[in-house]
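Please open the structure in a viewer and keep the selection panel at hand. The tour below proceeds from one selection to the next.

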Amino acid sequence: MNKIKNTGKVILAGAGPGDPDLITIKTVNYLQQADVVLTDRLVSEEILTRYVNKYAEIIRVGKQCRRGISTSQKTINELIVEHALQGKLVVRLKGGDVSIFSNILDELQTLQEHNISFEIIPGVTASLGAAAYAGIPLTAREYSTAVRLLTLYKSTVVSDEYWKELAKTDDTLVFYMSSETLDDVVEKLMQNNIPSDKLLAVVEQATTPFQQVYISDLCDYQNTLKGKIFLSPSLVIIGKVVSLHEKFTWFTSNKNHEHYFKPLTKSPLVDHEQKIVATVLS
Ligand code: SAH
């Protein structure tokens, strides 16, 4: 006789970039029913306190490479499977959108290998949140006809040929995870003769009460933002559209320079892993 497995379900959902009101109603509905919520560092605490039902177990599986602290993808996959195979409704909540610069593929493959059913719910990705809250329409007519979502967390991600192309195009360029390598980004674009009418914006902690927007000419970058350390998370927008910020900025943030998302001070799963070890030893 075939044994019927009582598998649960996994909802892979985007929480939006920060402002808790930017989450979708569909994701909120699932958070209200969830048994377990596995959440990233870049998910607003307010979302967890406001929307997750009080019986759900919240597991923080944050990653913060700058601090060398992170929960391994293997552990995250194991936790998702472990809870789903117990028949639970698991919400895997990620900052922004689930599919943009995230490890969703690993998680999808793991779910498929274990025959666990799933749904994917989109979220407002950081580039759309930052553009909206900084008054920078990414494809404003007569300024740009396309947007590229890019990353330069290390120099090998973008080839020399591609730098040439990036310097030449009129597409708006948005760099994720690149505020620490911004000096390199600007240097490469300048070396490849990027036109001087393009501006650069760094949107720090977009859509949160601590959002800050820094604007610079690419030619003047040396004297304005070079070497600056931006608070995490920050996003870089480059293109003619950045000039629209001055005219259409609307969001007033708190001038305090505080962290909206808590920096990780230790591996978020230390307690969890210690609990597992303790159970095994007892
Ligand atoms: N899945 C996420 C991106 C994860 S990669 C999304 O769709 O938005 C993490 C990077 O996203 C950060 O290094 C930063 O570049 C960007 N980011 C995320 N939230 C942000 C925010 N509130 N403000 C500025 N940048 C943000």
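Begin by selecting the ligand together with its surroundings: 17 residues surround the ligand in this predicted model, and the closest are Pro17, Ile100, Thr125, Ala126 and Ser234.

Next, colour this shell by residue class. It divides into 11 nonpolar residues, five polar ones and one charged residue. Colouring by domain is also informative, as domain 1 (9-124) and domain 2 (127-248) each contribute at least three residues to the shell around the ligand.

Now display the backbone atoms of three residues in turn.

- Ala126: a polar backbone atom of this residue is 2.8 Å from an oxygen atom of the ligand.
- Ala206: here a polar backbone atom is 2.8 Å from a nitrogen atom of the ligand.
- Ser234: a backbone N or O atom lies 2.7 Å from an oxygen atom of the ligand.

How much of the ligand does the protein bury? Taken alone, the ligand exposes 540 Å², and the protein buries 90% of that. With a surface representation switched on, turn to the space taken by the ligand, which is the largest pocket.

Finally, hide the ligand and select the aromatic side chains. The structure holds seven aromatic pairs. One of them is formed by Trp250 and Phe251, an edge-to-face pair with 5.5 Å centre to centre and 70 degrees between the planes. Add Tyr133 to the selection: ring pairs link Tyr133, Trp250 and Phe251 into a cluster.

Note on methods
Residues are numbered from 1 along each chain as its sequence is written. This is a predicted model: local features need pLDDT of at least 70, side-chain atom pairs count only at pLDDT 80 or more; totals for chains, interfaces and linings use all residues. Side-chain values use heavy atoms; hydrogens and water are left out. A residue is near a molecule or strand if one of its heavy atoms lies within 4 Å of it. A polar contact is a pair of N or O atoms within 3.5 Å; within protein, one must be able to donate a hydrogen and the other to accept it, and residues adjacent in sequence count only if both atoms are side-chain atoms. Accessible areas come from the Shrake-Rupley method with a 1.4 Å probe; for residues, only the protein chains shown count as cover. On a 1 Å grid over the protein atoms alone, a cavity is a set of points where a 1.4 Å probe fits but cannot get out, and a pocket is an open set with protein on both sides within 12 Å along at least five of seven lines; lining residues have an atom within 4 Å of a point. A molecule sits in a cavity or pocket if more than half of its atoms lie within 2 Å of its grid points. Ala, Val, Leu, Ile, Met, Phe, Trp, Tyr, Cys and Pro count as nonpolar, Asp, Glu, Lys and Arg as charged, and the others, Gly among them, as polar. Domain bounds come from an automatic or database domain assignment. Rings of Phe, Tyr and Trp (its six-membered ring) pair if their centres lie within 6.5 Å; planes under 30 degrees apart count as stacked, over 60 as edge-to-face and the rest as tilted.
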